[in-house]
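Student: I would like a close look at one part of this model, the aromatic residues and what surrounds them. Please keep it brisk.

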Amino acid sequence: MTHLPPTPSHTVGPFYGYALPFPGGGDIPPRERSDAITLHGYVYDGAGEPVPDAIVEFWQAGPDGSLDGAPGSMRRDPVTGGFLGRDGVRFTGFGRVPTDADGHYTVRTLPPGAPSPVPYISVCVFARGLTHHLFTRAYLAEGPDALLASLSPGRRATLIARPEPHRTHRFDIRLQGEEETVFLDFA
């Protein structure tokens with residue numbers, strides 16, 4: 001049997017705008033939830049320029065700490081491209097949004113509860129030039145967390161979303177450079 005060497009990786013994108021965004025992708029909880037928060041920010045490349053064609057995904061625990069999400073939240077509607085599980089009534093725990101022409105994204109969600117003592121939202125970035133997507137966390141506060149404790153203050157700061165008025169948090173993602181966001185390796 002002949003063993004062939006692996007083929008090289010290909011970069012991810014820039015073709016995300018066609019099939020991956022879906023209607024309402026940034027609205028994780030039902031619209032009428034008054035306790036919803038907004039997480040927004042920019043995705044920047046290594047030169048500090050905004051990335052206008054990235055896709056950013058979010059996963060999180062519900063306010064009660066559950067990781068279940070709404071049943072069917074990942075099922076696609078073949079006609080609209082929306083997710084059949086997004087009925088506007090239940091919390092799914094999953095969102096996906098593209099960045100706009102200025103590299104900005106916005107997602108509306110609920111504050112995550114336990115299992116972590118420090119609330120965070122898991123984030124995955126798909127962007128041009130990446131051979132693999134990148135995983136990180138957007139912490140909504142600082143506190144006793146093993147990952148945060150393992151980092152120097154400067155690196156830790158790249159994972160903390162800055163609170164803003166009106167239940168809003170800003171979390172910028174820097175793909176490279178001196179202020180590069182801490183990315184996680186799940187290999």
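Is Tyr44 buried or exposed, and what is its relative accessible area?

Tutor: Tyr44 is buried, because its relative accessible area is 15% and the cut-off for buried is under 20%. Keep in mind that this is a predicted model. Everything below is computed from its coordinates.

Start with the ring partner. Tyr44 pairs with Tyr42, and the pair is stacked. The centres are 5.9 Å apart, with 25° between the planes. Tyr42 has a relative accessibility of 24%, so it counts as partly exposed. The structure holds 5 aromatic pairs.

Another of these pairs joins Trp59 and Phe94. It is tilted, at 6.0 Å centre to centre and 40° between the planes. This pair links distant parts of the chain. Trp59 sits in strand 2 and Phe94 in strand 3 (residues 94-98), 35 residues apart. Burial splits the two rings. Phe94 counts as buried because its relative accessibility is 3%. Trp59 is partly exposed because its relative accessible area is 32%. Phe135 comes in as well: Trp59, Phe94 and Phe135 form one aromatic cluster.

Another ring has a charge for company. The charged end of Arg137 sits over the ring of Tyr120, 4.0 Å from the ring centre.

Return to Tyr42 and follow its contacts. His104 is in contact with Tyr42. Leaving aside neighbours within four places in sequence, His104 also contacts His40, Gly41, Pro98 and Thr99. With His40 there is a polar contact, side chain to side chain, at 2.8 Å. His104 belongs to strand 4 (residues 104-109). It counts as buried because its relative accessibility is 17%.

Now the nonpolar packing. The largest nonpolar core has 26 residues. Leu39, Phe58, Tyr105 and Ile173 have the most contacts inside it. The elements that give two or more residues to this core are strand 1 (37-44), strand 2 (55-59), strand 4, strand 5 (120-126) and strand 6. Apart from it lies another core, of 7 residues, with Tyr139, Leu148, Leu151 and Ile160 among them.

Phe58 is worth a walk through its surroundings. Residues up to four places away in sequence are not counted here. Phe58 touches Leu39 and Tyr105, which are also named among the core residues with the most contacts. It touches Phe94 too, the ring that pairs with Trp59. Its other contacts are Ile28, Gly93, Gly95, Val97, Val107, Ile121, Ser122 and Val123.

Some of those contacts lead on to Thr136. Thr136 touches Ile121, Ser122 and Val123, and Phe58 touches them as well. Thr136 lies in strand 6 (residues 134-139). It is buried, because its relative accessible area is 2%. A polar atom of its side chain lies 2.6 Å from the backbone oxygen of Val182. Val182 is also on its contact list, along with Leu159, Phe171, Thr181, Phe183 and Leu184. That list leaves out residues up to four places away in sequence.

For contrast, take a loop. His166 lies between strand 7 (162-164) and strand 8 (168-170). It is exposed, because its relative accessible area is 75%. Its phi is near 65°, a positive value in a residue other than glycine. Arg167 is found in the loop between strand 7 and strand 8. Its phi is also positive, about 55°, although it is not a glycine. Arg167 counts as partly exposed because its relative accessibility is 41%.

Step back to the whole chain. The secondary structure comes to 3 helices and 9 strands. Along the sequence the pattern is α-β-β-β-β-β-β-α-α-β-β-β. Of the 187 residues, 44% count as buried. Among contacts between residues at least 6 apart in sequence, 68% join residues at least 24 apart.

Finish with confidence. The mean pLDDT of the chain is 84, and 79% of its residues reach 70 or more. Among the elements, strand 9 (residues 173-174) has the highest mean, 98. Helix 1 (residues 16-19) has the lowest, 56. Where pLDDT is low, the predicted coordinates should not be read in detail.

Terms used
Residues numbered from 1 in each chain as written. Predicted model: local features only at pLDDT ≥ 70, side-chain atom pairs only at ≥ 80, totals over all residues. Heavy atoms only, no water. Helix = DSSP H or I, 4+ residues; strand = E, 2+ residues; numbered from the N terminus. Buried < 20%, exposed > 50% of the residue type's maximum accessible area, 1.4 Å probe, protein only. Polar contact = N/O pair within 3.5 Å; in protein donor to acceptor, adjacent residues only side chain to side chain. Contact = heavy atoms within 4.5 Å. pLDDT = per-residue confidence, 0-100. Core = buried A, V, L, I, M, F, W, Y, C linked by side-chain atoms within 4.5 Å. Phe/Tyr/Trp six-rings, centres within 6.5 Å; stacked < 30°, edge-to-face > 60°. Lys NZ or Arg CZ within 6 Å of the ring centre and 35° of its normal.
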